[in-house]
Amino acid sequence: MKKTKAIAAAVLAAVMAVGIAGCGGGGSTASTSAESAAAGESGAAAVEASAEDLNVMIETPVQSLDPQQATDGTSFEVIADYTDGLMQMDETGKPVPAIAESYEVSDDGTVYTFKLRQDAKWSNGTPVTAKDFVFGWQRAVDPKVASEYKTMLIDIGQVKNAGDCADGKKELSELGVEAVDDYTLKVTLNVPVSYFPALMYFPTFYPVNEEFYNSVGDTFATSPDTTLSNGAFILDDYQPAATAFHLTKNADYYDADKVQLAGLNYQVIQDSQQALMSYQSGDLDITLVNGEQVDQVKDDPAFKTIGAGYLWYVSPNISKVPELANKNIRLAMTMAVDRNAITETVLKDGSIPTFTAVPPQFATGPDGSDFSADQEKFSDVCKTDTAKAAELWQQGLKEIGKDSLELTMIVDADDAPQKVAQVLQEQWQTNLPGLTINISPEPKKQRVQDMQDGNFQLGLTRWGPDYADPMTYLGMWKTGNDNNYGEWSNADYDAIIDEVTTGATAQDPEKRWTTMYDAEKIVMDEAVIFPLYSQSNAEMISPSVTGIEFHPVALNRVYKNTVKAAK
Amino acid sequence: MKKYTIKRIVTAIFTLLVIVLILFILMKLMPGSPFNDEKLSADQRVQLYAKYGLDQPVVVQFFHYVINLLHGDMGVSYNISKNTPISALVATRLPVSIGIGFAAVMIGAIIGLILGLLAALKHDTIVDTICTIISVIGVSVPSYVFALLLSYSFGFRLGMFPMLYSQAKAFQSSVLPSISLSMFTMASIARFTRSEMLEVMGSEYMLLAESKGLSGRALIFRHALRNALIPIITVLAPLIVDLMTGSLVVEKIFAIPGVGSLLVNAIQSNDYNVVIALSFIYSAMYIIIMLIVDILYGIIDPRIRLAKKGD
Amino acid sequence: MARKAKAAAAAAVEAPVYVPVDSDFVLKDNADSIAIDENFASQSFWKDALIRFFHKTSAVVGLVLIVLITIFAIVGPGMNKYSYSDQNLTQKNLAPRVAAFENSGILDGSETIHTSSGDKKINYYKEYKLDDVYYWFGSDNFGRDIWTRTWQGARVSLIIAVAAAIIDMVIGMSYGLISGYFGGRVDMVMQRILEVCNGIPRLVIVTLLLLILKPGMGTIIFALMLTEWVSMSRIARAEMLKLKEMEFVLASRTLGAGSFFIIFKEILPNIIGPIITQVMFSIPTAIFTEAFLSFVGLGIPVPQCSLGSLISLGFNALTTHSYQIVPPLIVMALLMLSFNLVGDGLREALDPKMKEM
């Protein structure tokens, strides 16, 4: 019995010892994890921001640093920090040469020949060649990789054989991209794609060095050691799903002279109040603020609102809910919404009330004008007009033979969507007598599945543009498109969409542009969706920082030309 | 005792297997899949399912998983950190959560015990009332409110501690999270210690010990506290597991790279492997701690030990 | 007791014949034993307990608070013209303003905003020219009345917490007692089942349940019930292990009592103290779990509210409009405090051994 007691005492002592070690803390724990990080001591040391590092707040951790696997804006931004594609974005979002010095287009618009610059190097010293692009693109359609953004090559980019390669029907070597020599890349397309050069800054099209990839195998792009840089910065401290990581300036970058920052210090902060306090105490140079905090900072010169590109809209399930198949009911619902109330009083982050199916400020036409600059062009079917809404509503009710209607709207169980949903609920119930709206918050994955399966009545959803062309939106409402949640179908519309993507109009930019207006008009006249607002982000940007480039498409923030004044 | 311990370990392993199976079934019931995203088409979803073997029957998936698990392979993440082995993901995060959690348990348990003892010894006095109020505040204010208030006052206004967790300053930046996490433990332990001590002190054997002339410290520590500890340990054990496996809200507020926030993100994005792996780790820790508690019982309370011998 | 003696002494002073001194009537050092003489022998156990309960001031205070909060939870939402879900976006984020205190400088509708260019005091009521508008607890970011929502939330939270706690108690207690009493193989199997239930993180079970079932009060109660009974059963089992070898159990068994008689009639009354303490703790746990679910977006569906969801909402405005979190937080704290006080009172009143204390 004595023996048992002694053992017990030992166990207790051990538990206590672990406890004390635990108290002492964090110290020992962190040193082990820092050692396990590939960067080792240098990585740990790098966390301490040097004076010229830019301290950036992000809301979510990076999901993937593999350019062909990444799908979210944060990952794209970080990948682009240390990787250059053929083209890059200038301040206004136009494509300008990066690794490609120049390119030529064949007369029929289907063959692009990129000339690569010869002074671009990977961070292990090997030059960046056309083969790296071929390998990267082949990965993008490789069924084994199962890239979620392969459609950038297939439907959007129309690269020859991309679809067949992705389905395994053709060898990857048959993909329409070819390294003519080390510094010449030839791309063959199925049909002319007017915005093709603008796709080249999208990370799915970034190069991957095959030799390096094979040497690291499955661990590619999961740590600084398994990542190669050819861009302005080098990743030097990173762990998968890290809440803080660091990039340092790439001295061997071909354009290194222009890069002013010593490095980038990323910090994931999910709580907006902590983020603002960190900014105010000087730990961050750029941070997001939420609507509640705007009152506190709106007079501050550091406060900015920046368009984020997302269109938020309500999708009515036109095919499955008989009442919503009635056009007047739908028109009444879209006209009963006071979009200004949503943006001005609830969101307050500079989001723009939107009355068009294609949101403003991302697609610029051949004449240089914004596709959706005129928000009143559909004012006969989409504006705030409660009287007309009520009238249409009564008419619609009569047509469906009912005097009341109860609908459920599914929304993401996140803060902003739920706020918006509550305002919509209140406005609809007040302005359309007899309408009852139930809000059903669901986790995003479930909400998306329900909408994809057609298992919903009304759904609050959003869409971010993949490329700077109205088709990124208009393509959604084609019959059979996966994102046509309401399964609305219109033969005229489908014909127009085919015409501007693969038909004759595809090669005539001006005509294409006006034809797309016709398509948008059908969507709005039929109230296929109820557009609400174009999302903006309210941000605080330290006055000492200038030259951060913001884009609604592809790469949200670019730091190549950013300058941080010494304090 | 030895035989009993071995038997417990064998059943513990069996229990873990049952838990993995149940988790598998639960994951299948979960609406949505890891690949429900606006940008993914139906074909792509099928392809991704095939890539990760999710198109196979649950039973096949289960056996694959168990076999891999025996090799120490917990699979890869589907979307939180794409294709990253979960062992790598957990290896860097679990130590952080355990460190902060254990510090919180220690702070909470020690202060809780002291408060509870004080309240019991000074029963029905102002000391008792104050201890009650402190512990009630501890249970009625959510830890995230504490976290933000601490961060605001000690981090932002006074600048004494960092507002966000950083690995370079792991000790200083763990102070505020540990304190905010310890409040609930402290309150629970204080309440329970008080109630158990009162009960024990009212019992006949205490009266006997008292009348035998034992007094003061010996009476309280050797007799009263020892008996009061049994139920306290029962309350403490699950709290330890809860805290060491990370707290969602506190990790979120202090930007701590722990496993608590990972689990919530994984559930919300249907990252099956991460949910199963983290739940498995949680279960394993829970079962181990309960095993230790059970063995400790026998040592603290001879009656249970004797009863077990009889089995 | 001593006071009674003094009163008696004072009365005796007036008697003319013999003038006794105080010390004649001071009892020996046995005031405590005399307290026992206040005889309850003829009363039933419960009446006895009730009297003891009402002798404890703190317990009575707790009970009064619970009753008050319950009354407010019932009538509070109807006390002004606002409803818990009506939005008025032109009157949002207004600080508390009460007509009676308005001129005394507190609750006059002004609040201090910490802007990046310094603190400033603003009265939005004046700014928006809302002379006749009074939000007693202020309004939230949709312009909903926080007074109404707080009491509506208290109502929802009370229903959820009490229902969940009672169901836990019944299930957990029975499970723990049976498991502990029978021991051996029964205990082994029951504890393994419990370990499996408890081994799966609560968050995973609750979230999955809420995803599979329709969100709402019933689902939340069900989810809480499924997870919370475990700790109750553990307490009951630990107590059972302590008590089952005691002589009175043996005595009862020798007299031929059946197992279930012993469990529920003999042992249960002896462990009611810890059980009640645990119930008092499962109420905040229930409210907390609900608050946590609100925090991850799976709590009571909007625009309905509970104390937990109101605290989460107020939390988002803690550094901007700090008054929004105060009412639900205070109500919740008071509720917890009073449940604890009542729990203590009950425990001491119900535990026969505590009589001597």
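How many residues from chain A and from chain C does the contact take? Chain A gives 22 residues and chain C gives 21, where two residues are in contact if their C-beta atoms, placed from the backbone, lie within 7 Å. On the chain A side, H15(A) brings the largest share, four residues. Sorted by class, the side of chain A that touches chain C has seven nonpolar, nine polar and six charged residues. Here Ala, Val, Leu, Ile, Met, Phe, Trp, Tyr, Cys and Pro count as nonpolar, Asp, Glu, Lys and Arg as charged, and the others, Gly among them, as polar.

A word on the model itself: it is predicted, with local features needing pLDDT of at least 70 and side-chain atom pairs counting only at pLDDT 80 or more, while totals for chains, interfaces and linings use all residues. Residues are numbered from 1 along each chain as its sequence is written, and chains are lettered from A and ligands numbered from 1 in the order in which they are written. The pLDDT is the predictor's confidence in each residue, from 0 to 100. Chain A averages 85, and 91% of the residues score at least 70. Over residues 1-50 of chain A, though, pLDDT stays under 50.

Chain B is built from 13 helices and zero strands; helices (H or I, at least four residues) and strands (E, at least two) are DSSP runs, numbered from the N terminus. Its C-alpha atoms fill a box of roughly 80 × 60 × 30 Å along the principal axes. Of the 311 residues in chain B, 54% come out as buried, meaning that 20 or more other C-beta atoms lie within 10 Å of a residue's own (12 or fewer is exposed, in between is partly exposed).

Chains A and B meet too, with 57 residues of chain B in contact with 56 residues of chain A. H4(B) gives the most to the chain B side, with 12 residues. That side has 31 nonpolar, 20 polar and six charged residues.

Then there is the largest nonpolar core, with 336 residues; such a core is a set of buried Ala, Val, Leu, Ile, Met, Phe, Trp, Tyr and Cys residues joined through C-beta atoms within 7 Å. Ala332(A) and Val275(B) touch the most other members. Leaving aside neighbours within four places in sequence, Val275(B) is in contact with Met27(B), Leu263(B), Ala266(B), Ile267(B) and Val204(C).
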